[in-house]
Amino acid sequence: MEDKTQELVEKLLENQDTIEKILEKIILLEKTGALDTLADLAAFVKVAQDTLSDEIIKKNSELITNLGLVSAKFTSDNALMLIDAIGDAICRCDKEPEPVGLTGLLKAMNDPDVKFALGFLINMAKALGRALRERA
């Protein structure tokens, strides 16, 4: 027992500067409350590690990969232009929409902006139909 105590004292003396630096950091973490946060985080990681199976980790990895693929499509120039245009359109709608019947719809068809938007929507519907058929 005395040999182990002697070894421990020698090790402490050899590493006194390092131990003082570590103690200063631990004291700072305690004073700022970060030590409790670190302990909580460590407990969370342990629970997550114990409860996540390889299957769950694999599925989450696939989900993250798929989200990356989808997000890449939404950062294409066309997607960004569409999102920007939709945002502009929403901002410009400053009055409540009114119900539109067949006559109102036909009248709206004379508006160049409506014609342009319908052309875009028809192109998008064609592309969507093609994409859906390719996946079927």
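Helices here are DSSP runs of H or I, at least four residues long, numbered from the N terminus. By that count, I122 sits in helix 7. The model shown in every view is predicted.

**View A. Eleven side chains, M81 to M124, form a nonpolar patch on the surface.** The patch covers about 1000 Å². Its members are M81, V100, L102, L105, L106, M109, L118, F120, L121, I122 and M124. Two elements give two or more residues each: helix 6 (102-108) and helix 7 (112-135). Helix 7 gives the most, with 5 residues. I122 is one of the patch residues. Its relative accessibility is 48%, so I122 counts as partly exposed, the class between 20% and 50%.

**View B. V100 lies in a loop and belongs to the nonpolar patch.** The loop runs between helix 5 (77-92) and helix 6. V100 has a relative accessible area of 59% and is therefore exposed, as the cut-off for that class is over 50%. V100 and L8 are 92 residues apart along the chain. Their C-alpha atoms are separated by 86 Å.

**View C. D50 and K46 form a salt bridge between their side chains.** The N to O distance is 3.1 Å. The count for the model is 1 salt bridge. Both residues belong to helix 3 (residues 34-51). They stand 4 residues apart, about one turn of the helix. An α-helix has 3.6 residues a turn, so residues three or four places apart point the same way. D50 is exposed, at 52% relative accessible area. K46 is partly exposed, at 44% relative accessibility.

**View D. Five acidic residues gather in a patch of negative charge on the surface.** They are E2, D3, E7, E10 and E14. E10 is placed in helix 1 (residues 2-14). The relative accessible area of E10 is 39%, which means that E10 is partly exposed.

**View E. Helix 2 spans residues 16-32, with G33 just after it.** How does the span of helix 2 compare with 1.5 Å a residue? Its 17 residues should span 24 Å at that rise. The expected value is 24 Å because the rise is multiplied by one less than the number of residues. The end C-alpha atoms are 24 Å apart, so the two values agree. G33 takes a positive phi of about 85°.

Notes
Residues are numbered from 1 along each chain as its sequence is written. This is a predicted model: local features need pLDDT of at least 70, side-chain atom pairs count only at pLDDT 80 or more; totals for chains, interfaces and linings use all residues. Side-chain values use heavy atoms; hydrogens and water are left out. Patches are made of residues with over 30% relative accessible area and no salt bridge: like charges are joined within 9 Å, nonpolar side chains (Val, Leu, Ile, Met, Phe, Trp, Tyr) within 5 Å. Accessible areas come from the Shrake-Rupley method with a 1.4 Å probe; for residues, only the protein chains shown count as cover. A salt bridge is a side-chain nitrogen of Lys or Arg within 4 Å of a carboxyl oxygen of Asp or Glu. Lys and Arg count as positive and Asp and Glu as negative; His and the chain ends are not counted. The place of a charge is taken as NZ of Lys, CZ of Arg, CG of Asp or CD of Glu. Buried means under 20% relative accessible area, exposed over 50%, partly exposed in between (1.4 Å probe, protein chains only).
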